[in-house]
Amino acid sequence: QVQLVESGGGLVQAGDPLKLSCAASGRTFLLYTMAWFRQAPGKEREFVAAILWKTYYADSVKGRFTISRDNAKNTVYLQMNSLKPEDTAVYYCGAGQTGPYSSDSSYDYWGQGTQVTVSS
């Protein structure tokens, strides 16, 4: 069982940076692919970034967002730079061990989400 708790969301202006954190419980954190997804109002949840031994990004955030993990702290991060209004969404952290990294069905555990709002 893995429990995930996101933090770091907030209201920022376009062009500002923001860093999200996701703290995980459990002793086998390093065995899990960790990912960030987001869901904007009226839209489906979409893949943002994932990390195990390599990192993967959605085209929409490549070059602006950076995912990283600290296995000693059981924490995964999402550094978001050059934020745009279209990045506004609830951001979710997920943990999984099998399946395509960009599919939310590959993740068994989810956090409660943290709101990111980018004003223009």
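These are my notebook entries on a disulfide and the strands around it.

**Entry 1: the model.** I'm working from a predicted model here.

**Entry 2: the disulfide.** I began with a search of the whole structure, and it turned up 1 disulfide. The partners are C22 and C93, and I read 2.1 Å between their sulfur atoms. I also looked up the twist of this link: it is -80 degrees about the S-S bond, which makes the link of C22 and C93 left-handed. Next I asked myself which strands hold the two cysteines. C22 sits in β3 (residues 18-24) and C93 in β9 (residues 89-96), so the link ties together parts that are 71 residues apart in sequence.

**Entry 3: buried or exposed?** I checked C22, and its relative accessible area is 0%, so I noted it as buried. For C93 I also found a relative accessible area of 0%, so C93 is down as buried too. Then I looked at the strand around C93: β9 is mostly covered, with 7 of its 8 residues buried.

**Entry 4: the neighbours of β9.** I reminded myself that strands of a sheet pair through backbone hydrogen bonds, either parallel or antiparallel. Then I went through the partners of β9.

- With β4 (residues 33-39), β9 runs antiparallel, and 7 bridges join the two. Here I found Q39 with V90 of β9 as its bridge partner.
- With β11 (residues 114-119), β9 pairs in the antiparallel sense over 3 bridges. I noted A89 opposite V116 of β11.
- With β10 (residues 109-110), β9 has 2 bridges, and the pairing is antiparallel. A95 stands opposite Y109 in β10.

**Entry 5: the sheet on the C22 side.** Now for β3. Where does β3 sit in the order of its sheet? I wrote down β1-β3-β8-β7, which puts β3 between β1 and β8 in an open sheet of 4 strands with antiparallel pairing. The edge strands are β1 (4-7) and β7 (65-70), and each pairs on one side only. I looked up the angle as well: neighbouring strands of this sheet are turned by 15 degrees against each other on average, direction ignored.

I took a further look at β3 and β8 (residues 75-80): they run antiparallel and are joined by 6 bridges. One residue I followed across was L20, whose bridge partner in β8 is L78.

**Entry 6: putting it together.** My picture is that the disulfide of C22 and C93 links β3 with β9. On one side, β3 belongs to the β1-β3-β8-β7 sheet. On the other, β9 has β4 as an antiparallel partner, and β9 also pairs with β11 and with β10.

How values were computed:
Residues are numbered from 1 along each chain as its sequence is written. This is a predicted model: local features need pLDDT of at least 70, side-chain atom pairs count only at pLDDT 80 or more; totals for chains, interfaces and linings use all residues. Side-chain values use heavy atoms; hydrogens and water are left out. A disulfide is a pair of cysteine sulfur atoms within 2.5 Å. Buried means under 20% relative accessible area, exposed over 50%, partly exposed in between (1.4 Å probe, protein chains only). Two strands pair if DSSP finds at least two bridges between them. Axes are lines fitted to C-alpha atoms, for helices over the stretch in contact, and angles run from 0 to 180 degrees between N-to-C directions.
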